[in-house]
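Please open the structure in a viewer and keep the sequence panel visible beside it. The tour proceeds by selection, with a short account of what is found at each stop.

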Amino acid sequence: MSSTHALRIAVDIGGTFTDGVAEDVESGRIWVGKTLTTPDDPGEAVSAVVDQLLARIGDPQAAGRVADVVHGTTLVTNTLIERKGVPTGLVVTSGTADTLDIRREVRYDLYDLDLELPEPLVGAEDRFEIDERLGAAGEVLRPLAEEALAELVEQVKAKGLSSVAVCLLHGHVNDAHESRVRDALKKALPNVSVSISSAVAREIREYERMSTTAANAYVQPLVETYLVMLSKRMQEAGIAGSLRIMLSSGGFTSADAAAETPILLLESGPAAGVLSAVNAGLLGEVSHVLAFDMGGTTAKACVAVDGAPAVAHAFEAARVRRFKRGSGLPIMIPSIDLIEIGAGGGSLASVDNLGLLKVGPQSAGSEPGPACYGRGGEKPTVTDADLVLGYLDPDNFLGGEMHLDKGLAEKALADLGAPIGLDATRTAAGIATIVNENMAAAARVHIAEKGHDPRAFTLVATGGAGPVHAVEVARRLGISTLLCPIAAGAGSCLGLLAAPARVDRSWSKPSLLAALDWNEAHSVLSGLHRDATAELNEAGADAGAVDWVLTVEMRYAGQGSTLNVTVPYGKVDESLAPALEEGFEASYRDLYGTTVPNAQLQTVTWRLTGKSGVESRRFTWAADAADKAPEPKRREIYIPVRQRYEEVDVWERYALPPGMVLKAPLVLEERESTLIVPADGRVEILPDLTVKVVLGETS
Amino acid sequence: MTRNAIDPVTLEILWTRLVSAVDEAAAAYVRTSFSTLVREANDFAVVLTDAKGRSLAQSSMSIPSFIGTLPATVKHFLKRFPAETLKPGDVLITNDPWRGTGHIHDISIAMPIFRHGELVAFAAVTSHMPDIGGQLRNSGIREIFEEGLQIPMLKLVAGGEPNEAVVEFIRQNVRVPEQTMGDVWGEVSACRMLEARLGELLEESRVDLDELGHEIRTRSEAAMRAAIGALPDGEYRYRLEHDGFEERIVIQNHVTIKGDSVHIDYTGSSPQLPRSVNVVPIYTFSYTAFGVKALLSPDTPNNEGSFLPVSTSAPEGTILNPSYPAASGARGMIGHLLPVAFMGALADLLPEKVQAPGSANSSFTISGKHAGRRYASVNFLNAGQGATAKRHGQSTLSFPANLGNTPIEVMESEAPISVLYRKVRRGSGGKGRFNGGDGLSFAFEFCGEEPATVSFLMTRIKAASPGLHGGAPGEIGALTLNGEPIDPARHWQLKAGDKVVMETAGGGGFGEA
């Protein structure tokens with residue numbers, strides 16, 4: 001087949017598989033590719049998938065038609081977790097060399113006497129104090145001495161460091177000293193990469209900013225090499241289009257910008273998954289989306305209103321205790337606000353010292369894995385419970401590649417339940433109920449913290465175990481509508497294709513709103529806007545179609561937490577004050593039911609975001625659904641509301657034509673997952689093969 | 001196993017939801033709070049009790065001092081305002097140290113929750129206020145009258161109508177009325193949120209709260225008793241010294257493990273002092289109970305049941321059971337030593353688990369006027385903690401409270417000071433097979449136009465944190481002004497160019513080096 005339509009390609013590197021999707025921009029038609037991830041050289045799998053896709057398109061000219069390749073990667077996360085970064089140095093203001101050791105002096109678990117804390121990425125021997133000092137308003141208290149710079153260059157050279165982070169006190173207000181340190185190092189040591197805090201995370205709080213800058217420096221040379229290699233591979237494949245990289249914030253940027261500040265890619269993979277769910281929501285004309293993903297070890301959820309996923313600005317990497325907030329390295333970057341809990345197919349069930357049934361956060365992993373894998377696991381997992389409840393077909397797991405042993409699952413469940421008086425079925429139902437409630441509880445709090453009512457949301461389910469549990473999670477939240485988009489494996493790639501180009505810039509300067517220096521705000525924000533526009537242009541966004549918004553973090557003077565007030569970015573002067581005040585009071589009242597009389601308003605951090613307009617993308621499968629009329633199988637599944645097994649229809653999902661309407665309870669099977677609707681409801685196949693479930697409705 | 005009224009799956013779910021409801025109210029409260037101690041240090045708690053004031057669930061990240069105090073406060077409220085006199089829309093308030101949390105800086109609020117006209121529960125919140133009037137907190141204060149406004153047990157809101165007299169009295173007596181009252185109304189909002197969440201839960205599950213409470217209490221109690229019962233019966237003692245003033249303060253415990261319960265008596269500890277370091281009985285109990293739980297059964301949830309097997313006593317008129325009008329604003333200095341004192345007593349019984357003593361936090365409060373603006377800022381400094389049989393002590397970490405530091409950049413934005421350094425005092429932990437954690441060394445120069453008032457809480461600047469099983473004691477801390485040691489138990493004036501150095505102590509080592 002030959003065409004002149006432009007193509008876009010998305011590639012996502014996961015733990016096991018590297019997935020790829022190609023899209024014909026004009027028709028929305030897509031092709032899917034997949035190969036095993038190559039951890040030693042991830043670019044190899046990327047190339048392989050791109051080759052696969054080009055071959056599947058079947059046009060010898062396909063490579064030349066590719067306008068861009070959008071890419072999400074776990075390279076940054078993995079490098080931090082495995083501590084495989086480059087030898088990195090850290091330059092700080094005199095008197096602050098121990099900041100990474102001192103941290104914030106708090107414990108993340110009150111009762112754990114053997115608390116483990118994350119080791120800093122830069123050891124004490126590779127930190128250099130430099131004689132200079134800025135004040136809180138950015139004024140120079142002690143100038144930076146030239147001799148100090150010369151000495152620093154010698155030290156960095158002598159230590160043989162490949163990368164250096166620079167984080168000076170109040171560098172977020174005035175970047176002059178940091179820039180001079182960078183220039184001096186770059187000039188004398190052109191092969192050493194330099195990250196300065198004012199460019200990586202321009203925010204107040206030296207420990208968190210230093211930690212973020214150090215992490216950026218630690219991964220920078222690796223990511224840069226990787227991206228350069230990848231660009232080369234694309235060129236060799238005949239692709240002229242540019243390489244774009246997915247950011248944690250849910251936008252993409254150019255490969256060059258990504259190589260400069262790679263820490264912004266930290267959560268690139270999960271962000272793509274959320275965008276895929278958001279896109280499904282937009283197509284379903286849904287304004288409030290709860291993206292719900294459940295895999296082997298974790299479940300993730302994120303709210304998105306009007307196509308915009310919630311974004312948070314504080315994140316943690318490489319936690320010592322995976323599900324303990326505060327046990328990782330703080331990273332201040334804009335990142336899609338995902339909640340993550342230890343609930344997946346592999347989560348282990350146990351009975352605690354109070355005689356209660358518990359599920360997770362520990363996971364059986366893939367070795368030994370769930371009891372039903374027959375690899376020696378004796379403790380029951382969520383997957384074992386799902387099998388016994390009829391939610392999984394022992395002969396059709398992963399498309400039949402793996403047989404599940406129901407007898408082993410039953411034995412493990414019975415053994416666990418016996419001491420607390422539960423048989424295998426009741427233990428299985430208990431595990432499913434508890435894991436569903438754990439996920440619903442986390443989502444309930446997350447939604448409440450954003451000031452929303454869960455009943456207004458549509459749940460979009462992805463991930464291997466997501467569709468198995470989604471209906472029960474939704475029911476617990478009072479959500480009645482669910483969407484289940486196609487192809488869980490390629491889902492993140494669809495998210496990459498739907499992502500907008502995006503840049504974020506921030507500036508921290510606490511000030512009373514009434515006493516704000518509007519001239520300064522105007523001049524700083526204009527500078528950030530210029531800089532951000534340049535980056536967006538580089539990323540290929542159409543400058544005229546960019547939405548600019550200004551988000552101001554505000555609070556009552558004296559409070560510690562802030563609320564975000566978002567206004568369109570335009571004139572920055574006194575005329576903005578009433579909008580900020582009204583915006584703050586309205587959301588304060590929404591969240592806390594009241595405002596504080598006589599209190600003064602304070603602005604803390606200004607965030608400028610530019611992104612290309614949000615549009616929904618409708619994809620069409622290359623392989624059309626079969627023509628023959630589908631026939632259901634029948635099997636018994638457990639219906640929680642009625643606390644008994646019932647025989648229901650089991651359909652092969654991709655045999656169902658668009659427009660078909662079915663009555664639940666039922667099961668829809670596909671290779672990567674199984675959609676279980678264990679309650680009364682109406683199930684409809686939408687034009688793009690997304691499955692829509694409306695609970696309670698029966699026709 | 002006996003047959004339970006609620007099956008283990010339903011119980012797990014309802015229990016998790018109760019804790020989650022309390023945590024949600026707590027998170028909302030932190031976000032609206034004006035107090036540094038609340039947001040940097042979680043110095044507050046939210047609790048849900050049954051109609052009798054028995055604790056059912058408590059906010060997970062709250063500091064240990066409130067484990068025992070807040071449910072006790074609800075019971076005191078019930079004595080003053082018996083159940084039959086309470087109405088929907090009532091909100092009760094107090095900051096009485098003996099019935100509250102041990103010092104007047106925390107205001108406790110309780111709200112009765114009704115269902116179908118019947119009292120079923122209480123939502124309660126206690127929180128460290130931005131200000132309560134009186135002197136800036138320091139350890140030299142002699143009587144409660146100097147510490148600030150005392151709020152007896154009153155109705156802040158009666159049947160939905162705010163009691164304006166109470167509000168006006170509070171406003172008139174504190175330095176920052178908007179912020180203090182802002183936090184009080186924030187506490188009330190948190191109670192209302194908890195009321196709403198509990199209502200939804202009871203409506204959806206149709207569970208009887210008393211039945212649920214019974215399960216929660218009995219199972220927690222059984223788990224704690226099992227942990228204590230696993231230890232042999234016996235009597236154990238430990239003596240720990242603290243700086244004191246004219247003479248050292250002594251904490252002497254006497255731990256009796258008998259069957260499945262433990263009693264800790266403090267006879268032999270120092271008499272009550274005319275200083276603000278006195279610890280009221282409920283605070284003595286709370287920090288002792290924290291030590292018992294952390295050492296023996298860290299995973300058992302906090303509620304009335306888990307602490308029934310633990311009891312404490314101290315003779316009246318002593319530092320751990322003082323009489324009115326004792327001052328108690330700096331109670332943490334002594335109270336924070338009770339968990340390690342408990343571990344010290346059990347050092348021979350559980351040598352693999354106990355932690356050697358370390359030091360509580362220090363702090364400084366600075367206030368004045370600069371560039372036409374009033375400022376007041378509180379900053380914490382932590383110290384070295386003790387080593388164990390398995391690891392070195394943690395350096396510059398808060399224990400057993402959880403008080404974070406303030407970033408230098410924030411400190412310098414709030415007050416006219418310039419920080420010269422904040423560094424680890426390498427080698428200040430006591431030597432041993434495992435060394436104690438290191439303390440902190442912190443220096444700043446004052447650079448304000450007008451002189452400022454500064455007060456300090458310094459701890460372990462005379463008596464070192466001892467080691468365990470042959471480990472050496474850590475180094476003591478120090479406080480100097482322009483190079484001269486100064487007494488932290490009073491106020492000081494700072495003028496431009498003055499230089500303050502604060503050093504916190506190292507933790508005790510474990511085992512012979």
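The stops below begin with the contact between the two chains and then turn to individual sites.

**The interface between chain A and chain B**

Bear in mind throughout that this is a predicted model. Colour chain A and chain B separately, then select the residues of each that touch the other chain. The selection should hold 62 residues of chain A, in contact with 80 residues of chain B. Together the chains bury about 5800 Å² between them, and 54% of that area is on carbon and sulfur atoms. On the side of chain A, select E105(A), Y111(A) and L113(A): these residues lose the most area to chain B, together 16% of what that side buries.

Next, consider the polar component. Between the chains there are 30 residue pairs in polar contact, both residues being at pLDDT 80 or more. Which elements of chain A give two or more residues to the side that touches chain B? They are α4 (99-102), α8 (206-236), β22 (357-363), α13 (424-449) and α17 (577-592). Select α13(A) in particular, since this helix gives the most to that side, with ten residues. Sorted by class, the side of chain A that touches chain B has 29 nonpolar, 17 polar and 16 charged residues.

**Salt bridges across the interface**

The count of salt bridges between chain A and chain B is nine. For one example, select D98(A) and R426(B), which form a salt bridge with their closest N and O atoms 2.8 Å apart.

**Salt bridges elsewhere**

Over all chains, the whole structure contains 73 salt bridges. Select E203(A) and R607(A), a salt-bridged pair whose closest N and O atoms are 2.9 Å apart. E203(A) is in the loop between α7 (197-200) and α8 of chain A, while R607(A) is in strand β28 (residues 601-612) of chain A, so the pair ties together parts that are 404 residues apart in sequence. Are these two residues buried or exposed? Both E203(A) and R607(A) are buried.

Then select E646(A) and R644(A). Their salt bridge places the closest N and O atoms 2.8 Å apart. E646(A) is buried, with a relative accessible area of 16%, whereas R644(A), at 45% relative accessibility, counts as partly exposed.

Move to chain B and select R225(B) with E221(B), whose side chains meet in a salt bridge at 2.9 Å, N to O. The two are four residues apart in helix α6 (residues 209-229) of chain B and are therefore separated by about one helical turn. R225(B) counts as partly exposed, at 22% relative accessibility. Now add D98(A), D101(A), R127(A) and R426(B) as a group: salt bridges that share partners join these residues into one network.

**A hairpin in chain A**

Return to β22(A) and show it with strand β21 (residues 347-351) of chain A. The two strands pair in the antiparallel sense over four bridges. To follow the pairing, select A349(A) and its bridge partner in β22(A), V359(A). The hairpin has five residues between the strands, and G355(A) in this hairpin takes a positive phi near 80°.

**Backbone sites of note**

Select D306(A), which has a positive phi of about 50° although it is not a glycine. D306(A) lies in the loop between β14 (299-305) and β15 (308-309) of chain A. D306(A) is exposed, with a relative accessible area of 58%.

A318(A) also has a positive phi of about 50° and is not a glycine. Look for A318(A) in the loop between β17 (315-317) and β18 (329-331) of chain A. Is A318(A) buried or exposed? A318(A) is buried, with a relative accessible area of 17%.

The final selections are in chain B. Show Y324(B) and P325(B), which are joined by a cis peptide bond with omega of about 5°. P325(B) is in the loop between β11 (310-313) and α9 (332-335) of chain B. Lastly, select F399(B) and P400(B): the peptide bond from F399(B) to P400(B) is cis, with omega near -5°. The loop that holds P400(B) runs between β13 (373-381) and α11 (408-414) of chain B.

Notes: Residues are numbered from 1 along each chain as its sequence is written. Chains are lettered from A and ligands numbered from 1 in the order in which they are written. This is a predicted model: local features need pLDDT of at least 70, side-chain atom pairs count only at pLDDT 80 or more; totals for chains, interfaces and linings use all residues. Side-chain values use heavy atoms; hydrogens and water are left out. Contact means heavy atoms within 4.5 Å. Buried area is the accessible area (1.4 Å probe) that two parts lose on being put together, summed over both. A salt bridge is a side-chain nitrogen of Lys or Arg within 4 Å of a carboxyl oxygen of Asp or Glu. A polar contact is a pair of N or O atoms within 3.5 Å; within protein, one must be able to donate a hydrogen and the other to accept it, and residues adjacent in sequence count only if both atoms are side-chain atoms. Ala, Val, Leu, Ile, Met, Phe, Trp, Tyr, Cys and Pro count as nonpolar, Asp, Glu, Lys and Arg as charged, and the others, Gly among them, as polar. Buried means under 20% relative accessible area, exposed over 50%, partly exposed in between (1.4 Å probe, protein chains only). Two strands pair if DSSP finds at least two bridges between them.
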